[in-house]
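User: I would like a close look at one part of this model, the surroundings of the bound ligand, and then an account of how that part sits in the rest of the chain. Please take it step by step.

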Amino acid sequence: MGIVELARPEIVAMKPYSSARTEAPGKGILLNANEAPWPLLSDTLIGAELNRYPDPQPADLLARLADLYQVPEEMVLMTRGSDEGIDLLTRVFCRAGQDAILQCPPTFGMYRIAAQTQGAEVVSVPRMPDGSFSLDRQAMLDALQDDQRIKLVFLTSPNNPTGDVIGEDYLEELLRVSRNRALVIVDEAYAEFCRQPSASGMITANENLVVLRTMSKAWAAAGLRCGVVLAQPAAIALLRRVIAPYPLPSPVVALALRMLGRDMLEKQQNLLQQISDNKRVLIGVLENRPFIRNLIPGEANFVLIRVDEAEELLAFCAQRNLVLRGFPADPMLRGCIRISVGSENDIAALSAALDEWESTR
Ligand SMILES: Cc1ncc(COP(=O)(O)O)c(C=O)c1O
């Protein structure tokens, strides 16, 4: 069975929308898209012709991203952040009331939201309850074997909020078990912060592997809303059937091209180095505090701690203008707080607040 047979039959059968820009790329006297003939805001300000619809998948940005992620261009779909990639995958592959996703909580919350929005079942294989939060590998394989409804397996490497990565051998095993049955999605939103090589090198050999990347984290551009789905061309073609006709606003495309310019590579490497240095400082600030029961450094740009009185500590920090991430609604993360690696000043402010907190205990 190929990837097309795994997709919802109605998506495969549907005649996709053909936008004006797809039918005729934006050259010549453009009277085909009901656009205004001139912009009201100057294009020098915006870096784009605002009166025109953007190219659905601009060739120059596509080429740059393919180069960055070391895959052929036909394996790239540009999206509004990885969030959109997760949504598209769920809409294309999960039939409401029939299919399911597999996820391993605690993990990124949007897999569940996308599935529930689509009316798909969420099969959860919780991570180990022993405080390590490692994957329950056997339970995942069992779930895949036993539950034929599972169409999408969402893996996150490094995982949010536990920061652990998926080993290549285990990924191979999951891909093997899922072949002709389900897609395995490796969400690599935080990949640049860890040493593990990207799973994208395995796409050519695995039709059912999808990798998600984003500019939101390691490219310091969460505001751009720019991400990619990396997969074999057949899967990309299916997702293109349901993506909005013009997903990427032209100012975003212009900014993304500037962001990914060769001259920015050194800046980005410096950012990664600085975050790695600051993470070491942050860990030093957190270590050996009596109220911190567990410190999980992980391999991303955040750490996870488990503390006594998490709610109170979060409120205490908030009063000092420090916003940390708690998980009051998640029983698996009771007492846990996720702290992003900030600037040196941010960490100093956190350190002072924790000293104060500690002195009152
Ligand atoms: C694991 C994971 N995947 C995806 C996203 C969403 O990324 P984007 O900003 O590209 O939509 C996040 C955001 O925090 C995340 O933690």
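Which helix gives the largest share of the shell around the ligand?

Analyst: In this predicted model, the largest share of the shell around the ligand comes from helix α6, residues 81-93, which gives three residues. The residues around the ligand are Gly-81, Ser-82, Asp-83, Phe-108, Thr-156, Asn-160, Asp-187, Ala-189, Thr-214, Ser-216, Ala-222 and Gly-227. By class, this shell divides into seven polar, three nonpolar and two charged residues.

Two loops deserve attention here for their peptide bonds. Most peptide bonds are trans, and most residues other than glycine have a negative phi. Asn-160, one of the residues around the ligand, is joined to Pro-161 by a cis peptide bond with an omega of about 15 degrees, and Pro-161 is placed in the loop between β4 and α9 (168-178). A cis peptide bond also joins Pro-105 and Pro-106, with omega about 0 degrees, and Pro-106 is found in the loop between β2 (100-103) and α7 (110-118).

Strand β4, residues 150-156, also contains Lys-151. Lys-151 counts as buried because it has 26 C-beta neighbours inside 10 Å, where 20 or more are needed. Leaving aside residues up to four places away in sequence, Lys-151 touches Leu-6, Phe-93, Cys-94, Asp-99, Ala-100, Ala-182 and Leu-183. Between Lys-151 and Asp-187, the latter being one of the residues around the ligand, the C-alpha to C-alpha separation is 16 Å, with their positions 36 residues apart in sequence.

Positive phi values can be followed in two further loops. Phe-133, which is not a glycine, has a positive phi of about 60 degrees and lies in the loop between β3 (121-124) and α8 (137-146); with 25 C-beta neighbours inside 10 Å, Phe-133 counts as buried. Asn-288 likewise has a positive phi, near 60 degrees, and lies in the loop between α12 (262-286) and β8, but Asn-288 is exposed, with 8 other C-beta atoms within 10 Å.

Beyond that loop, β8 and β9 form a hairpin with five residues between them, and Gly-298 in the turn has a positive phi of about 60 degrees. β8 pairs with β9 (residues 302-307) in the antiparallel sense over four bridges; Ile-292 stands opposite Val-307, while the bridge partner of Ile-296 is Leu-304. The hairpin belongs to an open sheet of four strands, paired antiparallel in the order β8-β9-β11-β10, whose edge strands, β8 (292-296) and β10 (325-326), each pair on one side only.

To place these parts in the whole, the domain assignment gives domain 1 as 3-19 + 56-260 and domain 2 as 264-359. The C-alpha centres of domain 1 and domain 2 lie 28 Å apart, and their contact takes 22 residues from domain 1 and 18 residues from domain 2. The side of domain 1 that touches domain 2 has 15 nonpolar, four polar and three charged residues.

The chain has 14 helices and eleven strands. Its radius of gyration is 22 Å, close to the 21 Å that the globule rule gives for 361 residues, so the chain is as compact as a globular protein of that length. Buried residues make up 37% of the 361 residues, and 68% of the contacts between residues at least 6 apart in sequence join residues at least 24 apart.

Technical notes:
Residues are numbered from 1 along each chain as its sequence is written. This is a predicted model: local features need pLDDT of at least 70, side-chain atom pairs count only at pLDDT 80 or more; totals for chains, interfaces and linings use all residues. A residue is near a molecule or strand if its C-beta atom, placed from the backbone, lies within 6 Å of it. Helices (H or I, at least four residues) and strands (E, at least two) are DSSP runs, numbered from the N terminus. Ala, Val, Leu, Ile, Met, Phe, Trp, Tyr, Cys and Pro count as nonpolar, Asp, Glu, Lys and Arg as charged, and the others, Gly among them, as polar. The radius of gyration is taken over C-alpha atoms; the globule rule is 2.2 Å times the number of residues to the power 0.38. A residue is buried if 20 or more other C-beta atoms lie within 10 Å of its own, exposed if 12 or fewer, and partly exposed in between; C-beta atoms are placed from the backbone. Two residues are in contact if their C-beta atoms, placed from the backbone, lie within 7 Å. Domain bounds come from an automatic or database domain assignment. Two strands pair if DSSP finds at least two bridges between them.
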